[in-house]
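Grab a pencil and work through these exercises with the structure open beside you. Try each task before you read its solution.

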Amino acid sequence: MTREFLGKRIVITGASSGIGKALAQHLAPLGARLVLAARSEDKLKAVADALPGGALIVPTDITKESDRRNLLDRTVDRLGGLDVLINNAGIASWAHFADSTEDILRQIMEVNFFAPAELIRKAIPILTQGVEPAVVNVASMCGRRAMPAWSEYSASKYAVCGLTEALRGELARFDIDILLMIPGLTKSEFSQHFLRSEGKANIEYDKGMPPEYVAERIVQSLRKNKTETWIGSDTNWMLRINRWFPRLVDYLVARKVTKLYAAH
Ligand SMILES: NC(=O)c1ccc[n+]([C@@H]2O[C@H](COP(=O)([O-])OP(=O)(O)OC[C@H]3O[C@@H](n4cnc5c(N)ncnc54)[C@H](OP(=O)(O)O)[C@@H]3O)[C@@H](O)[C@H]2O)c1
């Protein structure tokens with residue numbers, strides 16, 4: 001299957017920055033009709049104003065049920081339906097679990113897991129009426145190999161991967177495709193939004209992939225209807241090594257973290 005984008009009605013969550021913004025910039029010139037969602041209205045407006053053909057902006061806190069309902073209602077009112085839902089919005093905390101809090105764990109699960117899960121549930125009846133309908137879930141390398149100091153985030157992204165796999169079987173009867181994206185380190189505004197930033201390793205976000213590259217790979221995979229896409233060389237080598245030598249990865253990671261924490 002090759003999915004065309006001309007006229008496709010696409011909702012992107014987390015469209016005010018990073019990968020979501022880059023997705024909007026990739027999809028708009030292809031003729032997609034976009035709905036951009038995030039909390040920051042001013043940033044959404046700036047993104048939409050710069051797109052050829054513009055976009056509908058719907059300020060949305062995806063953790064609020066009323067906002068999720070409003071996002072889908074406005075999409076149907078203005079565009080007459082929905083063809084693709086891209087669950088991209090996400091947050092993280094980079095620090096140790098032992099001195100983290102229940103509130104941080106719950107916030108991360110709310111944004112990264114419960115909100116997209118409930119958006120999918122609400123969107124199913126609308127997507128069934130769509131053209132070549134699909135759900136795209138942006139997870140992370142941490143959703144296939146969990147990492148220390150990313151415990152809450154890794155757990156939330158594992159949950160996204162699990163839900164996606166389960167729904168692949170369930171949504172087939174509605175002819176809705178569900179695709180999983182697994183990006184590695186990306187040079188976005190992600191690290192500026194961390195709930196905590198106290199992990200010890202020096203993560204070089206400046207050396208991460210440009211969001212435009214990640215967005216291009218996501219759009220390619222959506223076009224080709226690719227079930228799961230690993231994005232970036234770090235993701236590819238880490239997940240390949242981990243597939244065959246998980247105990248070795250456990251050992252090396254534990255040794256590194258122990259050294260880093262002993263040094264502080
Ligand atoms: N950057 C990386 O290294 C990396 C690697 C792998 C996977 N990812 C994943 O890629 C996705 C996009 O991240 P990014 O790198 O583009 O980070 P980003 O630049 O921080 O973008 C995150 C987006 O999520 C939105 N958002 C956060 N909380 C929200 C809420 N409650 N309701 C609605 N929108 C919300 C933010 O907008 P507002 O603040 O305006 O609401 C923003 O548009 C995330 O799911 C992330 O986990 C990132």
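Helices (DSSP runs of H or I, at least four residues) and strands (runs of E, at least two) are numbered from the N terminus. This is a predicted model, where local features need pLDDT of at least 70 and side-chain atom pairs count only at pLDDT 80 or more, while totals for chains, interfaces and linings use all residues. Residues are numbered from 1 along each chain as its sequence is written.

**Exercise 1: the overall picture**

Task: Work out how many helices and strands the protein chain has, and check its radius of gyration against that of a compact globule.

Solution:
- Step 1. Go through the elements: the protein chain has 8 helices and 7 strands.
- Step 2. Get the rule: the radius of gyration is taken over C-alpha atoms, and the globule rule is 2.2 Å times the number of residues to the power 0.38.
- Step 3. Compare: for 264 residues a compact globule would come out near 18 Å, and the protein chain has 18 Å, so the two agree.
- Step 4. Add the outline: along its principal axes, the C-alpha trace spans about 60 × 40 × 30 Å.
- Step 5. Sort by burial, where a residue is buried if 20 or more other C-beta atoms (placed from the backbone) lie within 10 Å of its own, exposed if 12 or fewer, and partly exposed in between. Of the 264 residues, 41% count as buried.
- Step 6. Look at contacts, meaning pairs whose C-beta atoms, placed from the backbone, lie within 7 Å. Among contacts between residues at least 6 apart in sequence, 70% join residues at least 24 apart.

**Exercise 2: around the ligand**

Task: Find which residues come nearest to the ligand and which helix gives the largest share of the shell.

Solution:
- Step 1. Set the limit: a residue is near a molecule or strand if its C-beta atom, placed from the backbone, lies within 6 Å of it.
- Step 2. Pick the nearest: of the 32 residues around the ligand, these are Gly14, Gly18, Arg39, Ser40 and Gly90.
- Step 3. Find the top contributor: helix α1 (residues 18-27) supplies the largest share of the shell, 3 residues.
- Step 4. Sort by type. Ala, Val, Leu, Ile, Met, Phe, Trp, Tyr, Cys and Pro count as nonpolar, Asp, Glu, Lys and Arg as charged, and the others, Gly among them, as polar. That splits the shell into 12 nonpolar, 16 polar and 4 charged residues.

**Exercise 3: two helices**

Task: Check the length of helix α3, then decide which of its residues are buried. Do the length check for helix α8 too.

Solution:
- Step 1. Recall that the expected span of a helix is 1.5 Å times one less than its number of residues.
- Step 2. Apply it: α3 (residues 65-79) has 15 residues and should span 21 Å, and its end C-alpha atoms are 21 Å apart, so it fits.
- Step 3. List the buried residues of α3: Arg68, Leu71, Leu72 and Thr75. They sit on the same side of α3 because they cover an arc (of the directions from the helix axis to the C-beta atoms) of only 85°.
- Step 4. See what they pack against: β1 (9-13), β2 (33-38), β3 (56-59) and α4 (102-127).
- Step 5. Flip to the face turned away from the buried side, which carries the exposed residues Glu65, Ser66, Asp77 and Arg78.
- Step 6. Step just past α3: Gly80 takes a positive phi of about 80°.
- Step 7. Now α8 (residues 246-262): its 17 residues reach 24 Å from first C-alpha to last, close to the 24 Å expected. This helix is hardly covered, with a count of 0 buried residues.

**Exercise 4: single residues**

Task: Say where Glu132 and Ala48 are found and whether each counts as buried, exposed or partly exposed.

Solution:
- Step 1. Glu132 is found in the loop between α4 and β5 (134-138). Glu132 counts as partly exposed because it has 17 C-beta neighbours inside 10 Å.
- Step 2. Check the backbone: Glu132 has a positive phi of about 45° although it is not a glycine.
- Step 3. Ala48 has its place in helix α2 (residues 41-49). With 19 C-beta neighbours inside 10 Å, Ala48 counts as partly exposed.
- Step 4. Leaving out residues up to four places away in sequence, Ala48 touches Leu36, Gly54, Ala55 and Ile57.

Conventions
Contact = placed C-beta atoms within 7 Å.
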